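This report works through a metal site, a ligand pocket and a few local features of one structure. Please keep the sequence and the coordinates at hand while reading.

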Amino acid sequence: MKVAPSLLSCDFARMGEEVQKIDKAGADWIHLDVMDGHFVPNLTIGPAIIQAVRPYTRLPFDVHLMIDDPLDYIDAFADAGADIITFHVEARSDIEATIRKIHSRGLQAGLVIKPHTPAEAVYPYLEKVYMILVMTVEPGFGGQSFMADMMPKVRAIKAECAKRGLAVLVEVDGGISEKTAPAALEAGVDVCVSGTGVFKAQNPAAAIAAIRTGGKKI
Ligand code: DX5
Ligand code: ZN
């Protein structure tokens, strides 16, 4: 599995160094959580911060928008240096128009579903997206417990993609550590986001390696 450490759990006063540290530790992507205080009850970072940390690594920026109106902000995040932009099916923007806008900027588009949203909600868009992100916590905060009962949703989406001959990636986000990664690996997850599991680990490189191999130490 690819591992995308979430900067939500890093030292915000040293974001550039934290990105370099996690790059050296073997991260595949950098996951950036954008919250607007409306779609979720928390405020985090915006395009200015993403632009500021962009020069510190060449790793892909996986930008997770937890905002009400993603379509209005695609240009801002594209300009800031996003490579993959994921937005929620539960948000207010027109889904097809938002995917088209992301593609028009030459970026990969992903759709995210919250724990109470069924897998079927993304089925109409599978042909159009690079990735589906299945939330394994309620979005809004780092450090919550992994919801193992989301794994059937991962399997259902993987099966639907296989049936249609599509190579859509499935990412999970929330409560992933070397302890919970085995369940994700078994379910067929392609990309694991991990905030506290990597940044609060004594050895982030070991934590990334262990998540990548589904909890097995290498
Ligand atoms: C939660 C965010 C996650 C969060 C994960 O809304 O989307 O990316 O940072 O943090 P952990 O890995 O600590 O659950
Ligand atoms: Zn996230």
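Which arrangement do the six donor atoms around the zinc ion (ligand 2) form? The angles that they subtend run from 70 to 167°, which makes the arrangement octahedral; six donors count as octahedral if opposite donors are over 155 degrees apart and all others between 65 and 115.

This is a predicted model, in which local features need pLDDT of at least 70 and side-chain atom pairs count only at pLDDT 80 or more, while totals for chains, interfaces and linings use all residues. Residues are numbered from 1 along each chain as its sequence is written, chains are lettered from A and ligands numbered from 1 in the order in which they are written, and side-chain values use heavy atoms, with hydrogens and water left out.

**The zinc site.** The protein donors of the zinc ion (ligand 2) are H31 through NE2, D33 through OD, H64 through ND1 and D173 through OD, at 2.0 to 2.3 Å from the ion. Donors here are N, O and S atoms within 2.8 Å of the metal (3.2 Å for Na, K and Ca), and since water is not among the atoms, sites may look incomplete. Along the chain, the donors follow the spacing H-x1-D-x30-H-x108-D. H31 is buried at a relative accessible area of 0%, and D33 also counts as buried at 6%, where buried means under 20% relative accessible area, exposed over 50% and partly exposed in between (1.4 Å probe, protein chains only).

**The pocket of ligand 1.** Of the 20 residues around ligand 1, D33, G140, D173, G195 and T196 come nearest, a residue being near if one of its heavy atoms lies within 4 Å. Three polar pairs with the ligand are listed below.

| Residue | Polar atom of the residue | Distance to an oxygen atom of ligand 1 |
|---|---|---|
| D33 | side chain | 2.8 Å |
| G140 | backbone | 2.8 Å |
| G143 | backbone | 2.8 Å |

The protein covers 100% of the 380 Å² of accessible area that ligand 1 has on its own, as computed by the Shrake-Rupley method with a 1.4 Å probe.

**The loop at T180.** T180 lies in the loop between strand 7 (169-173) and helix 6 (181-187); helices (H or I, at least four residues) and strands (E, at least two) are DSSP runs, numbered from the N terminus. T180 is buried, with a relative accessible area of 18%. The side chain of T180 reaches the backbone oxygen of G175 at 2.9 Å, and a polar atom of that side chain lies 2.9 Å from the backbone nitrogen of S177.

Methods: Tetrahedral: all angles 85-135°; square planar, octahedral: opposite > 155°, others 65-115°. Polar contact = N/O pair within 3.5 Å; in protein donor to acceptor, adjacent residues only side chain to side chain.
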